[in-house]
Amino acid sequence: MDEQSRMLQTLAGVNLAGHSVQGGMALPPPHGHEGADGDGRKQDIGDILHQIMTITDQSLDEAQAKKHALNCHRMKPALFSVLCEIKEKTGLSIRGAQEEDPPDPQLMRLDNMLLAEGVSGPEKGGGSAAAAAAAAASGGSSDNSIEHSDYRAKLTQIRQIYHTELEKYEQACNEFTTHVMNLLREQSRTRPISPKEIERMVGIIHRKFSSIQMQLKQSTCEAVMILRSRFLDAMRKRRNFSKQATEILNEYFYSHLSNPYPSEEAKEELAKKCSITVSQVSNWFGNKRIRYKKNIGKFQEEANLYAAKTAVTAAHAVAAAVQNNQTNSPTTPNSGGFPASCYQSDGRIQ
DNA sequence: TAACATGATTCAAT
DNA sequence: ATTGAATCATGTTA
C-alpha cells in the first residue's frame, strides 16, 4: 500500500503542479476532446486525486459526501482503470504468478488408486482387485463369499461417504466462489478491482478447495487400504476346504493309492475342480500321504468309502457305455475298488 | 474347553 | 524342485 500511495502522490504532484507530462500519460484522454480542453482535464484529475488524498482529514459526514461525489464523478471509471493498472504492476498480483497448476503427482496417484479400488469409478464396480484376487485364491466356498460381500458392503459405504462429501465440497466451493465474486463486484464500485483480480481470487479459492478435496481423497484411500488389508488378513486365515473339494481330493487319492503322486497337470485339474491353488493341492497330498501312512487303520473306513464311491461311478460309466452299445470293458485301471490288501503292495506307501 | 482334525510352514534329504 | 517328516496354528466337535 505504501508504494501505491507514493505513486499516487507522484501522479497527483505532477499534475497538480500543472507540468505537462513528458513520457506519455498514464491516463488516456477521454474520447472526443483534444487540445484546448487538455489543461482543464488535468486540473480535473488533479482535483480528484487531491480530494482522495485529503479525504481522511475530513469529518465523517463531509467525507461521505465527498465520497459520494467522487463515486459519481465522470472520471471515476477511467481513474479506476488506471489504479487497477497500477495495482497490477505493483506486485500485488505477483502471487498469482504460480497460476499454472502442474498436475500434482500425488493427486494423480490418489485418483488412480480410488479408481482402481472402485471408489471413484463407475457405480457398482463391485470386485476390487483385492477382492477378486482373494476370491480366486481361496475359492468360492460359502463362508468366503460372506466375507466377500462384507467387504463389498463396506467398500460401498466408503464410496457413498466419499461421493456425498465430494459433492458437499463442490457445492460449498461454488457457493463460496459466487459469494466472493458478488462481494468483489460490489466492492469494485468503491475500490479499484480488475476482472483479472477477481479471476485470480476465484483461482485461489478453487485451489484451496481442491486441497481440501485432496485431504478427503487421502483419507478415503487410507480407509480403503485399511479395509483391504483387514480383508486380506481374514482371507489369509486358515480355512478348511469345502466338503466338495475334500471329496474330490480324497477320490483322487484313494483311486490312485498305489501311486498317490498327481502329476503337475493332474494337480492343476484338481486345483481347478476344487477352486484351490496348485500348491494347496500339493500340500493336501503331502499331508494326506504322510498321515495315511502313519495310521492306515484309521483311514481304512474312508478308503473303503471312496473305493465304493468310485466303484459306483465306474458302474454308472459301464451302464452308460452299455447303453451306448459300447461293449468294451471299462478301461479305467483304478476304478475297480481297492481291497485293503492292495494298499500294502506298493513300496511307496508303507 | 480339551481333544482332535486339518491346512500351512519349515527343513533336511534326494 | 519335490517329498517326507515334524511342527505350528487354527478350525471343529464332543
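Here are some short exercises on a predicted model of a protein with DNA, each with a worked solution.

**Ground rules.** Residues are numbered from 1 along each chain as its sequence is written, while chains are lettered from A and ligands numbered from 1 in the order in which they are written. Local features need pLDDT of at least 70 and side-chain atom pairs count only at pLDDT 80 or more, though totals for chains, interfaces and linings use all residues; side-chain values use heavy atoms, with hydrogens and water left out.

**Exercise 1.** Work out which helix gives the most residues to the surface near DNA strand C, and which part of that strand lies within 4 Å of the protein.

*Solution.*
- Step 1: Start with the neighbours, where "near" asks for a heavy atom of the residue within 4 Å of the strand. Eleven residues surround DNA strand C, and Arg 238, Tyr 261, Arg 289, Ile 290 and Lys 293 come nearest.
- Step 2: Turn to the strand itself. Sugar and phosphate make up 86% of its atoms within 4 Å of the protein.
- Step 3: Look for polar contacts (pairs of N or O atoms within 3.5 Å; within protein, one must be able to donate a hydrogen and the other to accept it, and residues adjacent in sequence count only if both atoms are side-chain atoms). Arg 289 puts a polar side-chain atom 2.5 Å from a phosphate oxygen of DNA strand C, and Lys 293 has one 2.8 Å from a phosphate oxygen.
- Step 4: Name the elements, remembering that helices (H or I, at least four residues) and strands (E, at least two) are DSSP runs numbered from the N terminus. H10 (264-274) and H11 (278-294) each give two or more residues, and H11 gives the most, with five.

**Exercise 2.** Find which atoms of DNA strand B the side chains of Gln 280 and Asn 287 approach.

*Solution.*
- Step 1: Check the split for the strand. Of the atoms of DNA strand B within 4 Å of the protein, 45% belong to sugar or phosphate and the rest to bases.
- Step 2: Take the side chains in turn. A polar atom of Gln 280 sits 2.7 Å from a phosphate oxygen, whereas one of Asn 287 is 2.9 Å from a base nitrogen.
- Step 3: Add the helix. H11 is again the top contributor here, with five residues.

**Exercise 3.** Describe how the rings of Phe 253 and Phe 285 are arranged, and say whether these residues are buried or exposed.

*Solution.*
- Step 1: Apply the ring rule: rings of Phe, Tyr and Trp (its six-membered ring) pair if their centres lie within 6.5 Å, and planes under 30 degrees apart are stacked, over 60 edge-to-face and the rest tilted. That gives ten aromatic pairs.
- Step 2: One of them, Phe 176 with Phe 209, is tilted, at 6.3 Å centre to centre and 45° between the planes.
- Step 3: Now our pair. Phe 253 and Phe 285 are tilted too, with centres 6.3 Å apart and 50° between the planes. Phe 253 is in helix H9 (residues 243-255) and Phe 285 in helix H11, 32 residues apart.
- Step 4: Use the accessibility cut-offs: buried is under 20% relative accessible area, exposed over 50% and partly exposed in between (1.4 Å probe, protein chains only). Phe 253 is buried at 0%, and Phe 285 is buried at 1%.
- Step 5: Zoom out. Ring pairs join both into a cluster whose members include Trp 284 and Tyr 292.
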